[in-house]
Amino acid sequence: MHALIKGRLDKIKPEAKVTLNNFKFPMAFLSIPKAEAIIGEKDIQIPNTPVFVDKIKFNVSGKIIDYLAQKMVLDFVTTG
């Protein structure tokens with residue numbers, strides 16, 4: 001697994017971008033060739049990301065709202 005994190009975390013409103021390449025779970029037959037997450041002050045946004053379960057391809061996108069709160073909100077869309 002390779003992870004790249006870019007951004008400034010010393011500002012009042014920290015933002016970062018995380019990229020994963022060739023992320024695989026061999027035991028679960030799950031593969032994520034490339035994923036990005038944009039981390040903001042309160043939300044994490046995930047652009048359209050291909051996910052493979054066995055040989056079935058799904059596209060996942062969405063966001064995690066108020067990820068630091070006790071009751072965060074998950075808002076995801078899956079197509080495929």
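Accessible areas here come from the Shrake-Rupley method with a 1.4 Å probe, and on that basis the accessible surface of the chain comes to about 6300 Å², of which 60% belongs to carbon and sulfur atoms. The model is a predicted one, and what follows moves from the chain as a whole to a pair of strands and then to a patch on the surface.

The secondary structure consists of six strands and zero helices, so that, since strands are numbered from the N terminus, the order of elements reads β-β-β-β-β-β along the chain. Of the 80 residues in the chain, 18% are buried. When contacts between residues at least 6 apart in sequence are considered, 12% of them join residues at least 24 apart.

Within this arrangement, strand E3, which spans residues 30–39, runs antiparallel to strand E4, residues 43–53, and four bridges join the two. Three residues lie between E3 and E4, which together form a hairpin, and in this pairing Ile39 stands opposite Ile44 of E4.

Further along the chain is strand E6, made up of residues 73–79, where Leu74 has its place. Is Leu74 buried or exposed? Its relative accessible area is 57%, and because the exposed class begins over 50%, Leu74 counts as exposed. Leu74 also belongs to a nonpolar patch on the surface, which it forms with Met72 and Phe76, the accessible area of these residues together being about 300 Å². As a general point, the side chains of a regular strand alternate between the two faces of the sheet.

How values were computed:
Residues are numbered from 1 along each chain as its sequence is written. This is a predicted model: local features need pLDDT of at least 70, side-chain atom pairs count only at pLDDT 80 or more; totals for chains, interfaces and linings use all residues. Side-chain values use heavy atoms; hydrogens and water are left out. Patches are made of residues with over 30% relative accessible area and no salt bridge: like charges are joined within 9 Å, nonpolar side chains (Val, Leu, Ile, Met, Phe, Trp, Tyr) within 5 Å. A salt bridge is a side-chain nitrogen of Lys or Arg within 4 Å of a carboxyl oxygen of Asp or Glu. Buried means under 20% relative accessible area, exposed over 50%, partly exposed in between (1.4 Å probe, protein chains only). Two strands pair if DSSP finds at least two bridges between them. Contact means heavy atoms within 4.5 Å.
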